[in-house]
Amino acid sequence: MKITIIGRKCSPRESFKAHAEKKLAKIDRFFGSEAEAKITVSVEKSSQTVEITVVYKGMIFRAEQSAFNMNEALDKCVDYLIRQIRKNKTRVEKKLREGSLAEVVGEELVEEEVVFELVRSKTVPVKPQSVDEAILQMNLLGHQFYMFQNADTNQINVVYQRNDGGYGIIIPEDE
């Protein structure tokens with residue numbers, strides 16, 4: 001697994017990097033050497049946040065946790081990722097089209113598969129807007145996200161409100 005560690009408002013120490021590689025070895029056994037992991041560490045006044053994003057064959061696995069120190073937050077993230085992989089093992093296997101995940105996860109630790117129930121379908125008019133207009137519209141509606149056609153690129157984009165109070169945008173990528 002290729003691991004990239006990024007520090008925001010901090011510089012992760014070598015001991016943290018070694019700990020991260022050791023902990024990600026648990027996730028590495030699910031995916032092998034083809035996966036890419038990006039660890040982002042940020043420091044706030046009273047807590048430290050670790051975000052792990054693993055990309056493997058077009059699937060994205062993500063966890064974000066905060067704790068008093070980086071190592072504790074990293075441990076929580078890895079545990080969360082492993083739980084999510086085990087919980088969704090059947091779906092992940094179908095998506096990855098590999099049997100190797102079943103050997104590693106183990107049947108006895110997997111919770112029953114939950115069927116996703118779609119309870120509502122909604123159509124929305126999509127008109128060209130700037131990102132600022134889309135954020136304004138999202139806030140006026142009181143939603144956490146808003147889909148729109150980007151006036152600059154003519155692509156469908158999604159703006160969303162982040163937990164830290166900022167905003168993000170999802171832009172489709174051609175493969």
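**Two sheets, their helices and two pockets**

In this predicted model, Lys38 has a bridge partner in β3, namely Thr53. That pair sits within a bigger match-up: β2 and β3 run antiparallel and are joined by eight bridges. Strands of a sheet pair up through backbone hydrogen bonds, and they can do so either parallel or antiparallel.

Zooming out, β2 and β3 belong to an open sheet of four strands, ordered β1-β2-β3-β4, with mixed pairing. The edges of this sheet are taken by β1 (2-8) and β4; each has a single partner strand, so one side of each is left without a neighbour in the sheet. Going from one strand to the next, the twist averages 15°. A helix also packs on this sheet: α2 touches β2, β3 and β4, and its direction makes about 145° with that of β4.

Helix α2 (residues 70-87) has a helical companion as well. Its axis and that of α1 (residues 14-31) come within 10 Å and cross at roughly 5°. An angle under 35 degrees counts as roughly parallel, and α1 and α2 are therefore roughly parallel to each other. On the α1 side, the residues that meet α2 include Phe16, Ala20, Leu24, Ile27 and Phe30. On the α2 side, those that meet α1 include Leu74, Val78, Leu81 and Ile85. Charged residues join in too, among them Lys23 and Arg29 in α1 and Asp75 and Arg86 in α2. Sorted by class, the contact of α1 with α2 is made up of 12 nonpolar, two polar and five charged residues.

The model has another open sheet, again of four strands, this time in the order β5-β6-β7-β8 and with mixed pairing. Here β5 (128-129) and β8 (167-170) stand at the edges with a single partner strand each, so one side of each has no neighbour in the sheet. Strand β7 (residues 156-161) runs antiparallel to β8, and four bridges hook the two together. Within these strands, Val158 stands opposite Ile170 in β8. Helix α5 (residues 131-141) packs on this sheet and touches β5, β6 (145-150), β7 and β8, with its direction at about 150° to that of β6.

Next come the pockets. Rolling a probe the size of a water molecule over the atoms shows where empty space is left. The largest pocket has a volume of about 990 Å³. It is lined by 25 residues, and the closest to its centre are Glu51, Thr53, Arg62, Tyr160 and Arg162. So Thr53, the bridge partner of Lys38, turns up again here. Elements giving two or more residues to this lining are β2 (36-43), β3 (48-56), β4 (59-67) and β8. The largest share comes from β2, with five residues. By class, this lining holds seven nonpolar, six polar and 12 charged residues.

The second largest pocket holds about 390 Å³ of space. Its lining counts 13 residues, and Lys122, Val124, His143, Tyr146 and Met147 lie nearest its centre. Two or more residues each come from α5 and β6, and β6 gives the most, with four. The class make-up of this lining is eight nonpolar, three polar and two charged residues.

Definitions and conventions. Residues are numbered from 1 along each chain as its sequence is written. This is a predicted model: local features need pLDDT of at least 70, side-chain atom pairs count only at pLDDT 80 or more; totals for chains, interfaces and linings use all residues. Side-chain values use heavy atoms; hydrogens and water are left out. Axes are lines fitted to C-alpha atoms, for helices over the stretch in contact, and angles run from 0 to 180 degrees between N-to-C directions. Angles under 35 degrees count as roughly parallel, over 145 as roughly antiparallel, 65 to 115 as roughly perpendicular and the rest as oblique. Contact means heavy atoms within 4.5 Å. Two strands pair if DSSP finds at least two bridges between them. On a 1 Å grid over the protein atoms alone, a cavity is a set of points where a 1.4 Å probe fits but cannot get out, and a pocket is an open set with protein on both sides within 12 Å along at least five of seven lines; lining residues have an atom within 4 Å of a point. Grid points are joined across faces, edges and corners, and a volume is the space filled by probe spheres set on the points.
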